[in-house]
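Student: I would like a close look at a single part of this model, taken slowly and with its surroundings in view. Please start with what that part packs against and work outwards from there.

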Amino acid sequence: MRKLILLTLMLAGCATVGHKDLQFVGGSKANGVVTLALAYGSGQQAQWSWAQGQQVADTRCQGWGYKSASRFDNGQEFCSWSGEILCFERQVTVQYQCVN
């Protein structure tokens, strides 16, 4: 029965998720760092817009008194929820530096 449940979860996770928005999850006004993230099921293929993430980061930085935001990298992906064998949820985090 346990194997059937795991197999069902694996097959359910193979679907494409479609578009996901990057959301503000943290940062530091003093250091001018903004962290955005999104989560999706393992085996799914999330798609996101760098332009949407840039807009969220720019808005946060401008609210802190900076001119705009500059993305550090293409993000870090990791397993944010796992079982004994499988990863059930993956998370992508992207950091931006606020600039003047």
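Tutor: In this predicted model, the part to follow is helix α2, whose buried residues pack against β3, β5 (68-71) and β7. The buried positions of the helix are Q52, G53, A57, D58 and C61. An α-helix has 3.6 residues a turn, so residues three or four places apart point the same way. As for its length, α2 has 14 residues, which at 1.5 Å a residue should span 20 Å, and the end C-alpha atoms are indeed 20 Å apart. At the N-terminal end, S49 acts as a cap, with a side-chain oxygen 3.2 Å from the backbone nitrogen of A51, while beyond the helix comes G65, which has a positive phi near 95°.

The packing leads on to the largest nonpolar core, a set of 14 residues in which V34, L36, L38, A57 and Y96 have the most contacts. At least two residues of this core come from each of β3 (33-41), α2 (50-63) and β7 (87-99). In soluble globular proteins, nonpolar side chains tend to be buried together. L38, one of the core residues with the most contacts, touches, among residues over four places away in sequence, K20, D21, L22, A46, W48, R90, Q91 and V92.

A covalent link also starts from the helix, since C61 and C98 form a disulfide with their sulfur atoms 2.0 Å apart. This pair joins distant parts of the chain, C61 lying in helix α2 and C98 in strand β7, 37 residues apart. The link is left-handed, with -75° about the S-S bond, and both ends are buried, C61 at 0% relative accessibility and C98 at 5%.

The count of disulfides comes to two, the other joining C79 to C87 with an S to S distance of 2.2 Å. Its torsion about the S-S bond is about 110°, so the disulfide of C79 and C87 is right-handed; C79 is partly exposed at 31%, whereas C87 is buried at 15%. With the bonded cysteines numbered in sequence order, the pairing reads 1-4, 2-3.

Finally, R90, which L38 touches, forms a salt bridge with E77, the closest N and O atoms being 2.9 Å apart. Because R90 lies in strand β7 and E77 in strand β6 (residues 76-82), the pair ties together parts 13 residues apart in sequence. Both residues are partly exposed, R90 with a relative accessible area of 22% and E77 at 42%, and the structure holds one salt bridge.

Conventions
Residues are numbered from 1 along each chain as its sequence is written. This is a predicted model: local features need pLDDT of at least 70, side-chain atom pairs count only at pLDDT 80 or more; totals for chains, interfaces and linings use all residues. Side-chain values use heavy atoms; hydrogens and water are left out. A nonpolar core is a set of buried Ala, Val, Leu, Ile, Met, Phe, Trp, Tyr and Cys residues joined through side-chain atoms within 4.5 Å. Buried means under 20% relative accessible area, exposed over 50%, partly exposed in between (1.4 Å probe, protein chains only). Helices (H or I, at least four residues) and strands (E, at least two) are DSSP runs, numbered from the N terminus. Contact means heavy atoms within 4.5 Å. A salt bridge is a side-chain nitrogen of Lys or Arg within 4 Å of a carboxyl oxygen of Asp or Glu. The expected span of a helix is 1.5 Å times one less than its number of residues. A polar contact is a pair of N or O atoms within 3.5 Å; within protein, one must be able to donate a hydrogen and the other to accept it, and residues adjacent in sequence count only if both atoms are side-chain atoms. A disulfide is a pair of cysteine sulfur atoms within 2.5 Å.
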